[in-house]
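Trainee: Could you take me through a close look at one helix in this model, and then work outwards to what surrounds it? I'd like to see how the pieces fit together.

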Amino acid sequence: MGAHSTAGTAHDGVGGADAAVDGVPGDGPAAAREDAPALTLRAIVRRFWRYTTGDRSKLMAAFLLMALATACDTYVVTMFARIVDGATVARSMDAVWPSAVEWMVLTAVGGLLSVLGGSLMVGAAERFVFRLRHDVFAHLQRLGPSFFSAHPTGDLISRLSTDIDGVEGLASSGIVTTIIAVGTAIAYASAAVLVRWQLAVIVVALAPLMWVTSRITGRFTRTAARVERAAAGEVGTSIQQSLQNLPIVQSYGTEHVESARLDHHGTVWWRARARESRLQMIYGPITTIIQSGALLAVLIAGAAFIASGELTVGGLFGFAAYLGYLYPPLSQLGSLHLTVTSASASCERLLEILDAEPEVRDAPGAADSPVAHGRVELRDVRYVYPGTESAGLDGVSLEVRPGQFVLVTGPSGAGKSTLTRMLLRFVDVQSGAILLDGVDVRDRTISSVRAAVTLLPQKPMLFDLTVRENIAYARPDASDDEIEAAARDAGALDFIRELPDGFDTVVGEDGASLSGGQRQRLAIARALLRTSPILVLDEPTTGLDAPTARAVLDPLRRLSGGRTTIVVSHDLTPARDADLVVVLDEGRVVQQGRHADLLTRRGVYADLWAAQQGHRPDDGSDAGSDDDLEPRTSRVPAAVLAAAASGSPRRGALRPTPAPTPAPTPRPVPPPRRRGPVPALVPDAVTNPLRLLALAAADAALTRPTALHPGASNASLRAPRDRKPGIVGSAPSAAPAPSPAAPPGRPAPAPAPAHAVPATTSGPRYTPTAMPVPGPRDPASGPTPASRPHPSSGPAPASRPHPSSGSSRHDGTSSPRRRTVADLVSGAPAGRSAHRRPDAETSSPR
Ligand SMILES: Nc1ncnc2c1ncn2[C@@H]1O[C@H](COP(=O)(O)OP(=O)(O)O)[C@@H](O)[C@H]1O
Ligand SMILES: [Mg+2]
C-alpha cells in the first residue's frame with residue numbers, strides 16, 4: 001500500500017485520487033475477508049429469524065393475502081383466451097362482456113389484497129430492523145476494551161447506520177419481493193403448463209439461464225460490496241477521528257491531510273459502489289435478451305401449433321400473456337440474489353458485532369446481593385491485555401478495609417487504570433482474585449459489582465445534555481435538591497450558577513463548552529450522587545493546574561466520608577490524608593504503607609514525593625483538557641526533563657506546565673538509585689551530555705510549537721508501555737514523507753496520511769503552506785444508478801456531506817442544534833430535545 005500516496009490526491013485531483021486507489025479491491029480491511037464464504041440467504045434468515053418474534057402471525061397473514069392476490073392475477077390471465085376466442089372464434093360479444101367484468105373485479109380484488117399484505121409485511125420488516133439495531137447496540141454496550149481497541153467508533157457508527165440500512169433494504173423490499181416473485185412464478189408457470197405444456201417447457205427451460213447469470217454477477221458483486229461496506233466504515237472513522245481531534249487539526253493546519261485521508265477512503269468507496277452498481281446493471285439487459293429469445297421460441301412453436309389446428313389464436317395470446325407475467329418475477333428473483341449478496345456484506349459486519357464475546361460475563365448462579373461494607377481485596381492479581389506481552393497488572397495484592405482512603409500512585413503506564421477497570425469488572429483477572437466483602441467478584445453479578453463501585457473515570461466523559469441531566473445521569477430519579485447538593489459538594493455550584501442557563505445549560509459534546517476543571521467537577525458531582533460503598537477515582541486531577549487540582553481534591557475528601565475510596569493518581573496531594581499509599585510500577589506493587597512511613601524509607605515513593613514537592617508537575621498523563629491548548633510559555637520543569645532523560649519518559653512529560661509552585665520546604669533530589677524493577681525517576685540527566693542536548697532541543701521546540709510537524713509528535717519520545725488505551729483506531733503515527741511527485745522548487749507537498757507513508761521515510765519537519773486539495777468528485781453526490789434495486793440503499797450516509805452543518809454553529813436563532821460528531825458520521829439529521837438552548841450552543845468553543 002506504500003505506493004498509494006494520497007499526497008498525489010492533493011495535487012493531481014481526480015487523477016491523483018484514482019492513482020491512490022489502484023489495486024482496490026485488493027486493498028483495505030475488506031481484502032482479507034473477500035474469500036470468506038458468502039453468507040447465503042438461508043444463513044441470513046437463520047441468523048436473523050429471531051428478530052421476527054412477535055410479528056410472525058402478521059407475516060403469515062401477509063403471505064396468505066399475497067398468495068390470494070397472486071391467485072386472482074393468475075386467474076385473470078385465463079380471460080385472455082376467453083375474450084380473444086369469444087370474439088374471433090365464436091364471433092359473439094356475449095361471451096366477452098362477462099369475462100371483461102370478471103377481469104376488472106378480480107384485478108381490483110387482487111390489488112386490494114396485495115396492498116393489505118404488503119403493508120402488513122412492511123410493518124413487520126421495519127420492526128425487524130428496529131429490533132436488530134436495538135440488539136446490536138445492546139450487545140455492543142456489553143463488549144470490553146479489546147473489542148473497542150480494534151473497532152474505531154466511526155466504523156461502529158457506520159455499521160449501526162449504513163449497514164442496518166442495507167439489511168433494512170433486504171428485509172423490507174427484498175424479502176417481500178422474493179415472496180411475491182416466488183408465488184407469482186409458481187402460479188404462472190403452473191397455469192402455463194395447464195394451457196399448453198409443450199410451450200411451457202420452452203419457457204421453463206430458459207429460466208435456469210437467468211439463474212446462472214445472476215450467480216455469476218453475484219460473485220463479482222459480493223467482492224465489490226464487501227470493499228464498499230468496509231470503505232464506508234473507514235469513511236466514518238476518518239470523519240469521526242478528524243472531527244474529534246479538530247482543535248489539533250486546525251491548530252496544526254492539517255485540514256488538507258484530513259481531507260486527503262477522507263478522499264482516500266471516499267475514493268475506495270465510490271469506486272466499489274460504482275462497480276457494484278454496474279455489475280447489477282449488466283444483469284438487466286442479459287435477462288431481457290433471454291426473455292426475448294424465449295418469446296420468439298414460443299411464437300414460432302405457437303404458430304406451428306395454430307397451423308396444425310392444435311391451438312387457437314386466443315390460446316397463443318393467453319400463453320404469451322402468461323409469459324409476460326412470468327418473466328418479471330423470475331428476473332426479480334435473479335436480482336434478489338444480487339440484493340442478498342450486497343446486503344450479506346452488511347450482515348457480515350453486523351454479525352461481527354453480534355458474535356463478539358463480551359470479555360466479562362455473569363457466572364451461572366452468581367450472587368446478586370449488594371456489597372454492604374466495601375472491603376476490597378486483591379490477591380495476586382494478574383492481567384495481560386490480549387495481544388500484548390507486557391502485563392497490565394502482574395501479581396498485585398492489596399487489602400483495603402471498609403471506609404479506608406487509599407492512594408494508588410506510580411508512573412504512567414504502571415497499571416493504575418487497569419486496576420480501576422478490574423475493580424469494575426470491565427475485564428476479569430487472568431489469575432489471582434479480586435474480592436468485595438470477601439466474595440470473589442467473578443461470583444457476583446456484573447451489575448451488583450458495578451452498583452457497589454462508583455467510578456470517576458480518567459476522562460470526565462460528559463454527555464451532550466444539560467448540566468442537570470449530566471449530574472442526574474448517576475441517578476435519574478434524583479430530586480433537584482439532591483442534584484444541587486451534589487454540585488455544591490463537588491465545588492461546582494458557583495460556576496454552574498454563572499452559566500447562561502444555570503443547571504439547564506447544555507454542556508456540548510464531552511462538555512465542550514466547559515473548562516477542564518469544570519468538566520471534572522461535574523463528573524465528581526455525578527459520582528457523588530451515586531450511593532455506593534466504594535469509590536474509585538482515576539486521576540481526578542488530570543490536566544488541571546495546581547489550584548484547580550486542589551479545588552477538585554477538597555470535595556473528594558469530603559465525599560469519601562464513610563466510603564471505601566481508592567484514588568488513583570500521579571498527584572501526591574491526597575497522600576497525607578490517605579490511610580494507605582500504594583506505589584505501582586510496571587504492573588507490580590513496589591511499595592505500600594502510610595505516607596509518613598514511606599517517606600522515612602528510601603525508595604520510589606520518597607523520590608516521587610521529593611520531585612513533586614520541588615516541582616509539582618501537573619503532567620496529566622493520558623487525558624488532556626482544553627486548558628492544555630492554551631498557550632503556555634513556561635519552560636519544562638527540571639524534574640520532567642530529568643524523568644524524560646532517564647530513558648523512562650512518560651506521556652505528557654513534555655507538556656509545558658505553569659510556573660512551578662514554590663515548595664514550602666524544598667528538598668534536595670535524592671541521588672538516583674535503582675532498586676528492584678523500578679527505574680529511578682530522577683536519574684542521570686546531568687551526567688549524560690547527549691541527553692541534555694536532546695532535552696534542550698525538545699525544550700526549545702516546545703516554546704515554538706508550530707515548528708513541530710504534527711507527524712513528529714511526542715510519540716517518538718514515548719516509552720513503549722505508555723500507550724493510550726480505549727477506543728482508538730489506526731491513528732497516524734508516521735512522520736510526513738515528501739511526495740516523490742513534487743516538482744523541484746515547489747513547496748513541500750501535503751504530507752500523506754500515515755497509512756500511505758512508508759515507515760522508513762523521514763520527511764521535512766515543517767510544512768510551509770497548506771496546498772488546496774482538489775479531491776475527486778464527491779462520491780455521494782454522484783448519480784445513483786437507476787438499476788439499484790432498493791431505493792433505501794442510496795449513497796452511504798456515512799459519507800454524505802451536510803452543507804448546513806457549518807452554518808448552524810454561530811446561528812443561535814435558526815439552528816435548533818449543533819451537530820455532534822456522531823451525527824456527521826452517520827448522516828443523521830440534527831435533532832434536539834426541547835430543553836436545548838441555542839445560546840448555550842453559541843457559547844461552545846468548538
Ligand atoms: N486497551 C489496552 N490494550 C492493550 N494494552 C493496554 C491497554 N490499556 C492499557 N494497556 C497497557 O497496560 C499498561 C498499564 O496501562 P494503564 O493501566 O493505563 O496505566 P496507568 O493508568 O498507570 O497510566 C500499559 O503498558 C499500557 O500500555
Ligand atoms: Mg491511567
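Mentor: Happy to. Let's begin with H14, whose buried residues are Ile483, Ala486 and Ala487. Looking down the axis of H14, these buried residues fall within an arc of 100 degrees, so they line one face of the helix. The general background is helpful here: an α-helix has 3.6 residues a turn, so residues three or four places apart point the same way. Please keep in mind throughout that this is a predicted model.

What do the buried residues of H14 pack against? Their partners are H13, H15 and H16. Just after H14, Gly491 adopts a positive phi of about 70 degrees.

From there we can step out to the nonpolar core. The largest one holds 40 residues, and Val467, Ile471, Ile496, Phe503, Leu522 and Tyr605 are the members that touch the most others. H14 (480-489) is one of the elements giving two or more residues to this core, alongside strand S3 (405-409), helix H13 (467-472), helix H15 (493-498), helix H16 (516-529), strand S9 (580-585) and helix H19 (604-615). The greatest contribution comes from H16, with seven residues. As a general point, nonpolar side chains in soluble globular proteins tend to be buried together.

Tyr605 deserves a look of its own. Apart from its neighbours within four places in sequence, Tyr605 contacts Thr409, Leu572, Ala575, Val581, Val583, Gln591, His595, Leu598 and Leu599. There is also a second, separate core of 31 residues, and Leu398, Val408, Met422 and Leu424 are among its members.

S3 and S9 lead us on to a sheet. Six strands make up this open sheet, ordered S6-S7-S8-S3-S9-S10, with mixed pairing. At its edges are strand S6 (453-456) and strand S10 (588-593), each of which pairs on one side only. On average, neighbouring strands of this sheet are turned by 15 degrees against each other, direction ignored.

Two of the pairings show the mixture. S3 and strand S8 (residues 564-568) run parallel and are joined by four bridges, with Val406 standing opposite Ile566 in S8. S9 and S10, by contrast, pair in the antiparallel sense over five bridges, and Val581 stands opposite Gly593 in S10. Val581 is also one of the residues in contact with Tyr605. S9 and S10 form a hairpin with two residues between them, and Glu586 in the turn has a positive phi of about 45 degrees.

Now bring in helix H11 (residues 416-423), which lies across S3, S6, strand S7 (534-538), S8 and S9 and runs at about 150 degrees to S7. H11 also lies across strand S1 (376-384), S2 and S4, running at about 115 degrees to S1. Those strands belong to an open sheet of four, in the order S2-S1-S4-S5, with antiparallel pairing. Its edge strands are strand S2 (391-400) and strand S5 (439-440), each pairing on one side only. Strand S4 (residues 431-436) is joined to S5 by two bridges, and the two run antiparallel. In that pair, Leu435 stands opposite Asp440 in S5.

Let me finish with the helices earlier in the chain. Helix H4 (residues 96-140) packs with helix H10 (residues 313-354) at an angle of about 40 degrees, and their axes are 9 Å apart. That angle makes H4 oblique to H10. Where they meet, Leu132, Asp135, Val136, His139 and Leu140 in H4 face Leu350, Ile353 and Leu354 in H10.

Helix H7 (residues 197-244) offers a nice pair of glutamates, starting with Glu234. Glu234 has 23% relative accessibility, so it counts as partly exposed. The C-alpha atom of Glu234 is separated by 7.4 Å from that of Gly154, although the two residues are 80 apart along the chain. Glu228 is in H7 too, but at 2% relative accessibility Glu228 counts as buried. Setting aside neighbours within four places in sequence, Glu228 is in contact with Trp269, Ala272, Arg273 and Glu276.

For the overall setting, the chain has 23 helices and 10 strands, and buried residues make up 49% of its 846 residues. Among contacts between residues at least 6 apart in sequence, 78% join residues at least 24 apart.

How values were computed
Residues numbered from 1 in each chain as written. Chains lettered and ligands numbered in written order. Heavy atoms only, no water. Core = buried A, V, L, I, M, F, W, Y, C linked by side-chain atoms within 4.5 Å. Buried < 20%, exposed > 50% of the residue type's maximum accessible area, 1.4 Å probe, protein only. Contact = heavy atoms within 4.5 Å. Arc of directions from axis to C-beta. Pairing = 2+ DSSP bridges. Axes fitted to C-alpha atoms, helices over the stretch in contact; angles between N-to-C directions. Parallel < 35°, antiparallel > 145°, perpendicular 65-115°, else oblique.
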